[in-house]
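Reader: I'm new to reading structures and would love a close look at one part. Could you take me through the inside of this one, step by step?

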Amino acid sequence: QVHLAEFGGGLVQAGDSLRLSCATSGDTFRNYAMGWFRRAPGKAREFVAALSRNGDTSYFGDFVAGRFTVFRDNAENLLYLQMDSLKPEDTALYYCAAGTHDGSSWDAEYDYWGQGTQVTVSS
């Protein structure tokens with residue numbers, strides 16, 4: 001079992017950058033494929049990014065369009081989401097998730113979830 005806790009959210013202006021972190025504990029972090037999802041008010045949960053267990057391969061939702069990067073520190077049990085050129089439509093609650101399918105954009109394939117961290121982008 002893996003416990004996840006996101007942090008780093010906040011209120012920023014359009015065009016700013018923000019780095020989200022996901023701290024993990026419990027089972028061996030490097031055994032898990034990791035993902036980021038988000039949920040905006042009134043909308044369904046949306047895939048943001050996924051990262052393979054060894055950190056070599058990343059996948060992104062189409063809306064990212066090169067603005068985000070995802071990486072992990074397996075020694076420190078941390079997952080990151082670097083978000084640049086933020087837009088008001090990026091406003092959402094961001095979640096990290098752990099699973100066993102590298103690169104999955106399907107939330108059902110993630111077994112463990114954090115509580116989320118709020119990102120608000122003002123125009």
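Author: Happy to! Keep in mind that this is a predicted model. Let's start at Leu81: leaving aside its neighbours within four places in sequence, Leu81 is in contact with Leu18, Arg19, Leu20, Trp36, Val48, Ala49, Phe68, Thr69, Val70 and Tyr94. One of those partners, Val70, stands opposite Leu81, which is in β8. The strands β7 and β8 are paired in the antiparallel sense over six bridges.

Now step back to the sheet around that pair. Four strands make up an open sheet, in the order β1-β3-β8-β7, with antiparallel pairing. At the edges stand β1 and β7; each has a single partner strand, so one side of each is left without a neighbour in the sheet. On average, and ignoring direction, neighbouring strands here are turned by 15° against each other.

Next, the nonpolar interior. In soluble globular proteins, nonpolar side chains tend to be buried together. The largest nonpolar core in this model has 27 residues, and those that touch the most other members are Leu20, Met34, Trp36, Leu79, Leu81, Met83 and Tyr94. At least two residues of this core come from each of β1 (2-7), β3 (18-26), β4 (33-39), β5 (46-51), β7 (68-73), β8 (78-83), β9 (92-99) and β11 (117-122). With four residues, β9 gives the most to this core. Apart from this core lies another, of five residues, including Phe37, Phe47, Ala97 and Tyr110.

For a second viewpoint, find Leu51 in strand β5. Leu51 has 1% relative accessibility, and because buried means under 20%, Leu51 counts as buried. Not counting residues up to four places away in sequence, Leu51 touches Ala33, Met34, Thr57, Ser58, Val70, Phe71, Arg72 and Leu79. Notice Val70 here: Leu51 touches Val70, and Leu81 is in contact with Val70 too. You can also try a distance: Thr117 is 66 residues from Leu51 along the chain, and their C-alpha atoms are separated by 19 Å.

Finally, look for the sulfur atoms. The whole structure has one disulfide, formed by Cys22 and Cys96 with their sulfur atoms 2.0 Å apart. This bond links distant parts of the chain, since Cys22 is in strand β3 and Cys96 in strand β9, 74 residues apart. Both Cys22 and Cys96 are buried. The torsion about their S-S bond is about 55°, so the disulfide is right-handed.

Note on methods
Residues numbered from 1 in each chain as written. Predicted model: local features only at pLDDT ≥ 70, side-chain atom pairs only at ≥ 80, totals over all residues. Heavy atoms only, no water. Core = buried A, V, L, I, M, F, W, Y, C linked by side-chain atoms within 4.5 Å. Buried < 20%, exposed > 50% of the residue type's maximum accessible area, 1.4 Å probe, protein only. Contact = heavy atoms within 4.5 Å. Pairing = 2+ DSSP bridges. Axes fitted to C-alpha atoms, helices over the stretch in contact; angles between N-to-C directions. Disulfide = S-S within 2.5 Å.
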